[in-house]
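The exercises below are meant to be worked with the sequence and the coordinates side by side. Try each task before reading the solution that follows.

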Amino acid sequence: MDNESITKPIDMLPIRMWISACLIGLSSFMFGYQIVALNSCLVAGDANSVSACYNGDDDSSPSCPKGTIFDDLNLTDIQIQIATSLVVAGAWVGCFIAAKPSEKYGRKVTLLMNNLLYIVGSILSASGNFNLLCAGRFIGGLGVGVTSSVGPVLLSEISHETTRGKLTTFHPAFITFGIVCASLLAYGFVTYFNHGWQLVQICGAIPAVIMIIFSPWMTESPKWLLTRKNDRAGAVLMQLRPTGTDDAVEAEV
């Protein structure tokens, strides 16, 4: 069998590959969402200062959006800068801690466990307490760092060389989609709902829950399985390639 006949059918992506790539992409979606989830809620409307919006448990003043974070937290400029930058600090740390579990336990397991960081980070960020907000932002940032290290690797390792460019674009595409969704949700919740900023934060956990629920449809990296001398590598690869390409799969292994 010549090269052309082997590689041509591989260009078609089976449904299992699309589902796996989209589930991996959810982690990238949360990457983008976490980056802007808080920034989109830092609005004061027509108020002269953010302090003018602070009413504690009461509704916002007429000049402030109903769901602005400044209705519940009277944040100083320094506190705003700390809270927004902690996700970047967490991401920097997360990049370094992702390598060991990814190599030891696998790319899939690492990304699934990483969802706990997104869930815990989102819950703490929505707590309404500044200290817990900072903790949540940092934990969410850890998740961002792990995603940035492991997500593109898993997408690359489940794809064939003829489709790798197509699949690896899922990572930046889902990041951008997450940024857009966070901004749109913030516009709706912060503008029209009391304490809407908290709804924006807690929504960051929803993609993580979805990813966990549908995790059986997400495949592990065949390359990682081969490095562990796991005999499931060939079977996993068969799920990710079109039917009728057994010879091509064997050659790829």
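**Exercise 1.** Against which helices do the buried residues of H8 pack?

*Solution.* Bear in mind throughout that this is a predicted model. Begin with the extent of the helix: H8 covers residues 170-192, which makes 23 residues, and the span from its first C-alpha to its last is 32 Å, close to the 33 Å expected at 1.5 Å a residue. Next, pick out the buried positions, which are Phe170, His171, Phe174, Ile175, Gly178, Cys181, Ala182, Ala186, Phe189 and Val190. In reading such a list, recall that an α-helix has 3.6 residues a turn, so residues three or four places apart point the same way. Finally, follow the contacts of these residues, which lead to helix H2 (15-37), H6, helix H7 (164-168) and helix H9 (196-202).

**Exercise 2.** Decide whether valine 180 is buried, partly exposed or exposed, and give its C-alpha separation from phenylalanine 29.

*Solution.* Valine 180 is found in helix H8. Its relative accessible area is 40%, and because buried means under 20% and exposed means over 50%, valine 180 counts as partly exposed. As for the second part, valine 180 and phenylalanine 29 are 151 residues apart along the chain, while their C-alpha atoms are separated by 9.8 Å.

**Exercise 3.** Classify the aromatic pair formed by tyrosine 187 and tyrosine 192.

*Solution.* A pair of aromatic rings is described by the distance of the centres and the angle of the planes. The structure holds seven aromatic pairs. In the one formed by tyrosine 187 and tyrosine 192, the centres lie 6.3 Å from each other with 90° between the planes, and the pair is edge-to-face. Both tyrosine 187 and tyrosine 192 are exposed. Elsewhere, Trp18 joins Phe170 and Phe174 in one aromatic cluster, and Phe170 and Phe174 are among the buried residues of H8.

**Exercise 4.** Describe how H3 passes H6, giving the angle, the handedness and the classes of the residues in contact.

*Solution.* Take the geometry to start with: the axes of helix H3 (residues 77-97) and helix H6 (residues 130-158) come within 6 Å and cross at roughly 35°. The crossing of H3 with H6 is right-handed. By class, their contact has 16 nonpolar, nine polar and one charged residues.

**Exercise 5.** Locate histidine 195 and comment on its phi.

*Solution.* Histidine 195 is found in the loop between H8 and H9. Its phi is near 55°, a positive value in a residue other than glycine. With a relative accessible area of 28%, histidine 195 is partly exposed.

Conventions: Residues numbered from 1 in each chain as written. Predicted model: local features only at pLDDT ≥ 70, side-chain atom pairs only at ≥ 80, totals over all residues. Heavy atoms only, no water. Axes fitted to C-alpha atoms, helices over the stretch in contact; angles between N-to-C directions. Helix = DSSP H or I, 4+ residues; strand = E, 2+ residues; numbered from the N terminus. Left-handed = near helix turned anticlockwise from the far one by under 90°. Nonpolar A, V, L, I, M, F, W, Y, C, P; charged D, E, K, R; others polar. Expected span 1.5 Å × (residues − 1). Buried < 20%, exposed > 50% of the residue type's maximum accessible area, 1.4 Å probe, protein only. Contact = heavy atoms within 4.5 Å. Phe/Tyr/Trp six-rings, centres within 6.5 Å; stacked < 30°, edge-to-face > 60°.
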